[in-house]
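I opened the model today to look up a few residues, one helix and the ligand. My entries follow in the order in which I made them.

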Amino acid sequence: MSLLVVGSIALDSVETPFGLKEDVLGGSATYFATSASFFTPTQMVAVVGDDLPQSYLESLKARGVDIDGVTREKGRTFRWKGCYGYQLNEAETLDTQLNVFQSFSPRLPEKYRDARFVFLGNIHPELQSQVVDQVKAPRLVAADTMNYWINSSRPTLLKTLKRVNLLFVNDAEARQISGEHNIVRAARAILAMGPQRVVVKRGEYGALLFERDHVFACPALPLADVFDPTGAGDAFADGFMGTLATSDRVDGEMLRRAMVMGSVMAAFTVEKFSLERLHEVSRTDIRTRFSEFKRLTHFEDLGSLEG
Ligand code: AMP
């Protein structure tokens, strides 16, 4: 089953306690599609400026990503500058330059309109909504967002939320959207805004999947080397969506597997800067890591308490 992603392609400048990288390839759609190449054919909708080296797009194409939906416009590519402290869970945005995104209006190639699984990456919620307008009969539409859009475009975001089946957020974003501090209450409030499911990503503390009457928790893999969390959220979303799209199933068993696969892909992403680690890993590495999660979390049912 094909997977459609709309999101940013960016030139990122990122500082962590372990180093600084300037103008490296990033963006929500880039991380998602790079990870997606392991799972299922992926179609990408985004815009770049005339300053983005064509080789960056070719590298996505070489991984099997369909980039026919990526347009090149006159002007500068979207730029994001962020930094992380030793508490690597949340980025501080230092600068956001929308550039070609300011006048972007996504137009889906005809062949993309049949997409069954759709990921609306972190971009203006109005653009996310324009993509939903163009897909014919999606099985599952999931969205991501961030504080930038929650602050600047809240009414539009709330309208978009009514049109999506699932929302990916981190805990700070869940609190900001809902106005609730407690994560369970925040997730319930978001469910009341439209989506049937919400995934709350909590960095090193794992992720929670909330449905109206179920919660599923997946820990994060305890990692000794964490260098750059940028893109972990998008890689998580891809492991999750890629699992559902590959099986063409959205049921309890597959959603739990999707949560683990999301955590697997996020764990790879943070181990090196930018896309470096995602470019190195193989399907065997992914399988091995999936098994590590099973060992990490598996335990037997309780027998008698008295032994
Ligand atoms: P995450 O998976 O949440 O760490 O996403 C990281 C990516 O989001 C970075 O590579 C940025 O280029 C991109 N990004 C940051 N801010 C925005 C924004 N306001 N709109 C679109 N993309 C953004």
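**Entry 1: Asn 99**

I began with Asn 99, which has a relative accessibility of 22% and therefore counts as partly exposed. My cut-offs are under 20% relative accessible area for buried, over 50% for exposed and partly exposed in between, with a 1.4 Å probe and protein chains only. I noted that the model is predicted: local features need pLDDT of at least 70, side-chain atom pairs count only at pLDDT 80 or more, and totals for chains, interfaces and linings use all residues. Residues are numbered from 1 along each chain as its sequence is written, and side-chain values use heavy atoms, with hydrogens and water left out.

I found Asn 99 in the loop between strand 7 (92–97) and strand 8 (117–120). Helices (H or I, at least four residues) and strands (E, at least two) are DSSP runs, numbered from the N terminus. Phi of Asn 99 is near 45 degrees, a positive value in a residue other than glycine. Most residues other than glycine have a negative phi.

**Entry 2: Ser 274**

I then looked up Ser 274, which is not a glycine either but has a positive phi of about 50 degrees. Ser 274 sits in the loop between helix 9 (252–269) and helix 10 (276–280). Is Ser 274 buried or exposed? Its relative accessibility is 11%, so I entered Ser 274 as buried.

**Entry 3: Thr 145**

Thr 145 belongs to the loop between strand 9 (140–144) and helix 4. I read a relative accessible area of 2% for Thr 145, so this residue is buried. Which residues does Thr 145 touch, not counting those up to four places away in sequence? I listed Asn 122, Ile 150, Leu 157, Phe 168, Val 169, Glu 173 and Ile 177. Contact here means heavy atoms within 4.5 Å.

**Entry 4: helix 5**

One of the residues that Thr 145 touches, Leu 157, led me to helix 5 (residues 154–161), where the buried residues are Leu 157, Thr 160 and Leu 161. They lie on the same side of helix 5 because they cover an arc of only 100 degrees around the axis. The arc is that of the directions from the helix axis to the C-beta atoms. On the other side of helix 5 I found Pro 155 and Lys 159 exposed. The cover over the buried residues includes helix 3 (125–134), helix 4 (147–152), strand 10 (166–170) and helix 6 (171–178).

**Entry 5: the ligand**

I counted a residue as near the ligand if one of its heavy atoms lies within 4 Å of it. There are 18 residues around the ligand, and Asp 12, Gly 27, Asn 122, Gly 231 and Asp 234 come nearest. I took a polar contact as a pair of N or O atoms within 3.5 Å.

- A ligand nitrogen is 2.8 Å from an N or O atom in the side chain of Ser 8.
- A ligand oxygen is 2.4 Å from an N or O atom in the side chain of Asp 12.
- A ligand oxygen is 2.8 Å from a polar backbone atom of Gly 231.

On its own the ligand has 510 Å² of accessible area, and the protein covers 90% of this. These areas come from the Shrake-Rupley method with a 1.4 Å probe. Strand 2 (10–16), helix 4 and helix 8 (232–247) each give two or more residues to the shell. Helix 8 gives the largest share, three residues.

Definitions and conventions:
A polar contact is a pair of N or O atoms within 3.5 Å; within protein, one must be able to donate a hydrogen and the other to accept it, and residues adjacent in sequence count only if both atoms are side-chain atoms.
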